[in-house]
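Here's a walk through one predicted model, written for someone who likes to see the cut-offs next to the claims. Load the coordinates and follow along.

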Amino acid sequence: MQRRSFEMWARLEGQVPPEVERVRAELQPAEPAALVDDFLPPELRVPSRDQLDGRMMPWAQPIVLDGEMVACTGCGAYRDWLVLSTRDQIWLRCRAGHQQPEPRLDTAWYNRHAGPADATHATFEDCLRHLGH
């Protein structure tokens with residue numbers, strides 16, 4: 001029985017049912033579709049993250065890491081931070097302008113807590129002014 005089944009399948013292997021050719025003919029487009037440039041115009045495009053030198057967000061509440069509150073090494077401030085995300089690390093900036101790296105935070109933490117960007121700026125100082133620092 002197995003041998004007969006195998007022989008039958010071997011004979012049918014190269015055959016194509018007639019419906020297949022009919023369906024292929026129906027699927028052929030009559031004329032090529034027109035190309036449409038549906039990408040946004042340059043003035044409406046937002047730079048991607050790899051085109052930016054960094055991102056920053058305000059963080060008003062204290063930051064607690066590993067059970068201890070993070071304080072500025074320059075002035076002792078513990079709230080009202082700007083969190084800066086550069087390509088390789090996270091920095092904290094207090095209201096007085098002191099900056100310190102925070103190795104316990106990473107880009108994944110920043111991405112989880114940051115909202116969508118509301119603006120892009122050409123310089124670091126422009127961004128600081130925009131965020132009220």
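**A walk from the salt bridges to the strands**

Let's start with a charged contact: Arg104 and Glu68 meet through their side chains in a salt bridge, at 4.0 Å from N to O. The term salt bridge here stands for a side-chain nitrogen of Lys or Arg within 4 Å of a carboxyl oxygen of Asp or Glu. The two partners come from distant parts of the chain: Arg104 sits in the loop between β6 and α3, Glu68 belongs to strand β3, and they are 36 residues apart. Those element names are DSSP runs numbered from the N terminus, with helices being H or I runs of at least four residues and strands being E runs of at least two.

A word on ground rules before going on. Residues are numbered from 1 along each chain as its sequence is written, and side-chain values use heavy atoms, with hydrogens and water left out. Since this is a predicted model, local features need pLDDT of at least 70 and side-chain atom pairs count only at pLDDT 80 or more, while totals for chains, interfaces and linings use all residues.

Back to Arg104, which has a second partner. Its side chain also meets that of Asp66 in a salt bridge, again listed at 4.0 Å, N to O. This pair, too, links distant parts of the chain: Asp66 is in the loop between β2 (64-65) and β3 (68-69), Arg104 is in the loop between β6 (99-101) and α3, and 38 residues separate them. Add Glu102 to the picture and you get a network of salt bridges linking Asp66, Glu68, Glu102 and Arg104.

How open is this network to the outside? Buried means under 20% relative accessible area, exposed means over 50%, and partly exposed covers what lies in between (1.4 Å probe, protein chains only). Asp66 counts as exposed because its relative accessibility is 68%. Arg104 has a relative accessible area of 37%, so it is partly exposed, and Glu68 is partly exposed as well because its value is 45%.

A search of the whole structure finds 5 salt bridges. One of them is a local affair: the side chains of Asp126 and Arg129 meet at 2.4 Å, N to O. These two are 3 residues apart in helix α4 (residues 124-130), so about one helical turn separates Asp126 from Arg129. Asp126 is partly exposed at 28% relative accessibility, whereas Arg129 is exposed at 57%.

Now for the rings. How many aromatic pairs does a search of the whole structure find? The count is 1. To qualify, rings of Phe, Tyr and Trp (its six-membered ring) need centres within 6.5 Å; planes under 30 degrees apart count as stacked, over 60 as edge-to-face, and the rest as tilted. The partners are Trp59 and Trp109, with ring centres 5.2 Å apart and planes at 50°, so this pair is tilted. It links distant parts of the chain, with Trp59 in strand β1 (residues 54-59), Trp109 in helix α3 (residues 107-113), and the two positions 50 residues apart. Both count as buried: Trp59 has a relative accessible area of 14%, and Trp109 comes in at 12%.

Trp59 also leads us into the strands, as it stands opposite Trp81 in β4. β1 and β4 pair in the antiparallel sense over 6 bridges, where pairing requires that DSSP finds at least two bridges between the strands. On to β5 (residues 90-93): β4 pairs with this strand too, antiparallel over 4 bridges, and Val83 has Leu92 in β5 as its bridge partner. β4 and β5 form a hairpin with 3 residues between them. Strand β4 (residues 81-86) is largely enclosed by the rest of the structure, because 5 of its 6 residues are buried.

What about the cysteines? The whole structure has 0 disulfides by the search, a disulfide being a pair of cysteine sulfur atoms within 2.5 Å. Cys94 is in no disulfide, and the nearest cysteine sulfur, that of Cys72, is 3.6 Å away. Cys94 is buried, with a relative accessible area of 1%. Cys127 is in no disulfide either; the nearest cysteine sulfur is that of Cys94, 16 Å away. Cys127 counts as buried at 15% relative accessibility.

Finally, look over at Arg11 in helix α1 (residues 2-12). Arg11 is exposed, with a relative accessible area of 59%. Arg11 and Ala60 are 49 residues apart in sequence and 76 Å apart in space, C-alpha to C-alpha.
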